[in-house]
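Open the model in your viewer and keep the sequence panel visible. The stops below are to be selected in order.

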Amino acid sequence: MLQFDRVSLNDESQVLRQQVRDFIAENKAHLPRPNSDFVTGHDAEFSQKLGEQGWIGMTWPEAYGGSDKSNFERLVVTEELLAAGAPVSAHWIADRQSGPVLLRFGTEAQRQKYLPEIARGESYFSIGMSEPDTGSDLASVRTTATAEGDAYRINGTKIWTTDAHRNHYIICLVRTEAPSENRHAGFSQIIVDLKNDGAKVRPIRNMAGGEDFNEVVFDNVLVPKDRIVGEAGNGWQQVTSELAYERSGPERFLSSFRVFVELVRVCGDSPTPHQAAAIGRIASHFMTLRRMSLSVAGMLESGKDVSVEAALVKELGNNFEKVLPEIARLVVPDLSAVDPAKQRLFRETFEETLMLSPSFTLRGGTREIMRGVIARGLGLR
Ligand SMILES: Cc1cc2nc3c(=O)[nH]c(=O)nc-3n(C[C@H](O)[C@H](O)[C@H](O)COP(=O)(O)OP(=O)(O)OC[C@H]3O[C@@H](n4cnc5c(N)ncnc54)[C@H](O)[C@@H]3O)c2cc1C
């Protein structure tokens with residue numbers, strides 16, 4: 001059954017929101033081309049500054065470099081950074097996903113080694129799930145890690161791996177045992193050092209001209225045995241719980257937010273009725289999605305299973321962020337009559353977001369897969 005608890009942010013969160021806004025205003029030099037898509041800005045210096053504020057690994061225990069804060073506080077920081085179009089890509093996956101996986105399933109030695117450097121904004125991770133013949137059906141992953149003395153020998157190819165050419169580590173889903181009748185058995189997660197272990201990383205150019213994702217080839221790559229995350233053979237359970245972190249955040253509906261901001265600016269103080277209706281409609285969608293996302297954060301905070309609700313936020317949110325540039329295109333005024341600075345900001349964010357938008361409903365699980373998860377959660381299949 002679907003359940004969205006009524007949740008409101010407390011006063012401390014509002015204070016934090018202002019602190020994040022002040023921080024962004026002081027660091028404007030890091031936002032030369034603001035873009036709300038979380039993969040578009042890889043800026044190590046900015047990530048380290050966020051680390052100094054305690055805004056990476058916020059919910060983790062202080063013993064591992066975290067700040068022991070709530071999911072609400074993390075949500076406030078996340079939505080302010082995305083809404084401003086700040087460059088968050090460097091630490092994004094480590095903060096959202098890899099760190100929580102290591103915290104929950106990793107060995108004590110792994111937690112002590114990796115979490116503090118992630119929280120300082122110095123160590124960046126990629127996700128190695130998809131392969132050339134495996135995306136939605138993750139259980140068909142074919143990359144192998146074969147035990148050999150004190151090491152694992154890895155062979156196979158991962159693809160669409162966001163920021164592998166810039167990041168330090170990748171956590172790969174691999175087969176450590178031969179396939180059996182149980183499709184979900186025999187998987188493990190393993191950490192590979194992208195700078196030092198010998199994996200070959202080849203960037204793939206996207207439609208917007210950027211090189212954000214990659215093919216990563218493992219040709220007899222040897223890594224020490226202690227790189228298995230937690231226990232060998234537990235990979236399927238770990239990877240499916242990781243997907244809940246990947247699907248529930250405001251990055252699943254805010255990717256086009258800057259287009260909205262710049263649209264409002266170029267429409268000016270006296271929008272036409274057509275423009276006003278479009279702006280009002282977009283704003284009401286944002287408000288609804290935001291309340292749903294906040295509710296998911298609240299339910300996560302109280303330890304509830306939110307996988308179906310998170311899938312619903314992602315499905316509705318991705319659809320909306322994908323269609324937003326199309327709505328903007330229909331109502332945008334004649335830009336030649338608009339102030340040149342406003343015109344440039346609108347053009348830059350609009351053109352880049354429009355070209356990136358087809359990927360919004362693919363990454364992190366496609367629409368069809370999300371709809372399947374929701375249907376199963378509602379007992380419809
Ligand atoms: C920008 C971007 C960044 C990405 N970053 C990463 C990353 O960092 N790490 C990583 O591991 N992966 C990453 N991915 C890969 C992404 O997770 C996959 O593209 C996605 O899961 C879909 O897999 P696929 O491309 O193999 O398509 P397929 O699984 O082959 O699907 C093709 C089509 O068939 C549909 N389909 C498949 N199965 C079903 C089904 N059972 N029922 C109904 N319809 C179905 C799909 O919805 C889709 O429309 C990224 C992708 C993009 C676009």
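Helices (H or I, at least four residues) and strands (E, at least two) are DSSP runs, numbered from the N terminus. The model is predicted: local features need pLDDT of at least 70, side-chain atom pairs count only at pLDDT 80 or more, and totals for chains, interfaces and linings use all residues. Residues are numbered from 1 along each chain as its sequence is written.

Select D68, in the loop between α2 (44-53) and α3. D68 is not a glycine, yet its phi is positive, about 55°. A residue is buried if 20 or more other C-beta atoms lie within 10 Å of its own, exposed if 12 or fewer, and partly exposed in between, with C-beta atoms placed from the backbone. D68 has 12 such neighbours within 10 Å, so it is exposed.

Next, select D163, in the loop between β3 (151-159) and β4 (169-175). D163 also has a positive phi, about 60°, without being a glycine. Is D163 buried or exposed? D163 counts as buried, because 24 C-beta neighbours lie inside 10 Å.

Now select helix α7, residues 257-267. Eight of its 11 residues are buried, so α7 is largely enclosed by the rest of the structure. Among the buried ones are F257, R258 and V259. Just after α7 comes G268, with a positive phi near 75°.

Finally, select the ligand. It is surrounded by 19 residues (C-beta atom, placed from the backbone, within 6 Å of it). The closest are M129, G135, S136, T366 and E368. β1 (125-128) and α11 (367-377) each give two or more residues to this shell.
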